[in-house]
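Me: Please take a reader new to this structure through the reasoning behind the terms used for it. Each term should be set against the value on which it rests.

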Number of protein chains: 2
Amino acid sequence: MKFEAVTIKDIAKALGISTSTVSRALRDSYEISTETKQLVLECAERLNYKPNPVALGLKERRTRSIGIIVCEIANPFFSQVINGIESIAYDKGYNVIITQSHESYEREVEALQFLSSRSIDGLLVSASTETNDFSHFKELSDKGLPIVFFDRITNAINTHTVMLDNFKAAYLATEHLIQNGYTRIGAIANSEFLSITNERMAGYYEALQHHNIVPDEGLVSHCFYSGLDASEIDDAINKFFASKKRPDAIVCFSDKLTIGALSSLKRRGIKVPDEIAMAGFLNYTFAELLDPPLSVIVQPALEMGRDATELLLQLIESKRPIQTFEKRLLAPQLIVRSSSLPKKKS
Amino acid sequence: MKFEAVTIKDIAKALGISTSTVSRALRDSYEISTETKQLVLECAERLNYKPNPVALGLKERRTRSIGIIVCEIANPFFSQVINGIESIAYDKGYNVIITQSHESYEREVEALQFLSSRSIDGLLVSASTETNDFSHFKELSDKGLPIVFFDRITNAINTHTVMLDNFKAAYLATEHLIQNGYTRIGAIANSEFLSITNERMAGYYEALQHHNIVPDEGLVSHCFYSGLDASEIDDAINKFFASKKRPDAIVCFSDKLTIGALSSLKRRGIKVPDEIAMAGFLNYTFAELLDPPLSVIVQPALEMGRDATELLLQLIESKRPIQTFEKRLLAPQLIVRSSSLPKKKS
DNA sequence: TTTATTTGTGCAAACGTTCCCGAGCTAATG
DNA sequence: CATTAGCTCGGGAACGTTTGCACAAATAAA
């Protein structure tokens, strides 16, 4: 089952001219007469000619496609980011090739292998949670492959990065709970390997300190696999409840963790916010439909995808090597709902 | 910023042999001596040689990439389908190139243009809601491009299709409400242009008829843009409440509509299920966290993606044209929660 | 020894496109 | 009339790979 396309040769044969003339006519070269151009254009139209990007890629040593590595497509945050990436890429005539690491270092390396063997022009990456060695990226980057990191970035490689102002986001969420009267605030975060985790935790601690609350290590849990496995989150909640003094609020530092924590609390029959208040990162548009409506930190995911893609294309299309790189920070948005209602005096 | 790859030529030069020998050695051809093979393999390893798929694509007239057209990536149903597609494609060494129609016929045609000009080996499509003319697909299909339709399919083109047993799904949801004592059941569905809409509506009517309930046209609403615009759904709900007799239950025939309807009812301050019960299609894993926990029809989205991809690859890799096509139907799953509790006698 | 067969290797064409180089033509200049 | 410049156009190499064919060397058979 083969599908034969019209080539420049077919046009040349039909018109009795050379392929070079056809090529030049199609590219509107100055050295072709207007009549010939007219003829070629018309013939191309008639035969429904489409340039073959594979041949072009071979000739020009570029494929007009960019690779993406994220942990999971089905995560709404990432699907929104991809949406942003796709919109810019499409406008500029680029394909996107999407791969998933499923939070596994090994699969990330595999995906990278796959993409680099497909000769992509550039790469957009949000690292897997297991990744703390970035040498596989570094190697390609050193060879000249343009890479832009977003969300989960690294400082090990000198390139553009785009991410949320994670410190501020976590600070906002934590301070909001404090201002509503909560003092024992449990935190559930991703793996400590992730850059974003540490920034978010820093924001959390800073908010506590600013309001003179002494942090309690019994109230901090890390989920190594980002809550991919529900039991991780149950364990985190269990730890809180095993603590000498139960927390009166929980803040969750990723989408999956927020949903997972709510689910876990429900299964335990704990009332939110009466028994425990909640706030967390969540990029679902319908957080207000949950029971209870959740107070959330929303990330500008679409914008993140767009920004990262613009920076990448800039890298790809630049004539000379770029030396100075941008570290773009995006602003989070706090939306207050009833999961974090002011604490009732008891 | 160019990124130079190692070619077969480099190996040939390094070893002082011809490129053909290298090529054959790498493909483990029987006509190359074991020692030469050893030498070449070792050298390839050392130089970190990766075959250039672009050159290969040109030579073999295939790109090992398949195109996808869906209406929206950020829709969880579709991101789950894509997940399924990606898993199979990746295993077989294919790229996927994803495009979105955003429910617009025009953008669908554009996406198709884009994909076909990128010389893909095959195409997976779920049509946009505006599409009732499939000639753009027909044209490419006739030229020999393998296409498989999933979810929103068409009978205008003779090829493999994969979709939910939509009739059964709608029947199940509707009958469930009837069995729980509801008799005036409003239906919110997508555009009548979509094949799946009509099948779902047929299931709805059949369930009513089977239980001797006379359908009421005042209780049926179609959202042309699949609820992409929230006001569409508000209008549908308004229509129900303007009806002589209000419905006592609502069934929604797509994910977006289900979420939209719940949101709309909440804004009006209507209690579910006390004032009106609900059931609908929904592929969110956490439908149980909503207020109220929703009774839903879940589609095997991952499986749909996998099946469609397997059928497509079968089409692509088949030596001779395939004449008999499969119309695969997948089974829906009904999950009952409290949004459709048995009606209280009043 | 000659002939046939096997084994290992290289040459060159092909895929579709671009682009350097040069050729033929007309018209203008000296 | 000879030279040059400007305008069109064609030839052919190149991008990286595969593959049919030819050829040389080695071995086996006659």
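**Helix packing and chain pairing**

Reply: In this predicted model, helix 10 of chain B passes helix 11 of chain B in a right-handed crossing.

Me: What makes helix 10 of chain B roughly perpendicular to helix 11 of chain B?

Reply: Helix 10 (residues 230-242) and helix 11 (residues 255-267) of chain B pack at an angle of about 65 degrees, with their axes 9 Å apart. Angles of 65 to 115 degrees count as roughly perpendicular, and helix 10 of chain B is therefore given that description relative to helix 11 of chain B.

Me: Which residues of the two helices meet, and of what class are they?

Reply: From helix 10 of chain B come Ala230(B), Ile233(B), Asp234(B) and Ile237(B). They meet Leu257(B), Gly260(B), Ala261(B), Ser264(B) and Leu265(B) in helix 11 of chain B. By class, this contact has six nonpolar, two polar and one charged residues.

Me: Why are the two copies said to be related as by a two-fold rotation axis?

Reply: A turn of 180 degrees, with a shift of 0.1 Å along the axis, lays chain A on chain B with an RMSD of 0.1 Å. The two copies are thus related as by a two-fold rotation axis. The same surface serves both copies, as 98% of the contact residues of chain A recur in chain B.

Me: Which residue of chain A comes closest to the rotation axis?

Reply: That residue is Leu290(A), whose C-alpha comes to 2.0 Å from the axis.

Me: How many residues does the contact take from each chain, and which element of chain A gives the largest share?

Reply: The contact takes 44 residues from chain A and 44 residues from chain B. On the side of chain A that touches chain B, the largest share, six residues, comes from helix 5 of chain A. Other elements of chain A that each supply at least two residues include helix 4, strand 2 (95-100) and helix 6 (105-117). The residues on this side divide into 22 nonpolar, 14 polar and eight charged.

Me: What surrounds DNA strand C, and which elements supply the surface near it?

Reply: DNA strand C is surrounded by 24 residues, the closest being Ile8(A), Ser20(A), Ala55(A), Ser20(B) and Thr21(B). At least two residues each come from helix 1 (8-15), helix 2 (19-26) and helix 4 (53-60) of chain A, and from helix 2 (19-26) and helix 4 (53-60) of chain B. By class, the surface near DNA strand C has nine nonpolar, 10 polar and five charged residues.

Terms used. Residues numbered from 1 in each chain as written. Chains lettered and ligands numbered in written order. Predicted model: local features only at pLDDT ≥ 70, side-chain atom pairs only at ≥ 80, totals over all residues. Least-squares fit on C-alpha atoms with pLDDT ≥ 70 in both. Contact = placed C-beta atoms within 7 Å. Near = placed C-beta within 6 Å. Helix = DSSP H or I, 4+ residues; strand = E, 2+ residues; numbered from the N terminus. Nonpolar A, V, L, I, M, F, W, Y, C, P; charged D, E, K, R; others polar. Axes fitted to C-alpha atoms, helices over the stretch in contact; angles between N-to-C directions. Parallel < 35°, antiparallel > 145°, perpendicular 65-115°, else oblique. Left-handed = near helix turned anticlockwise from the far one by under 90°.
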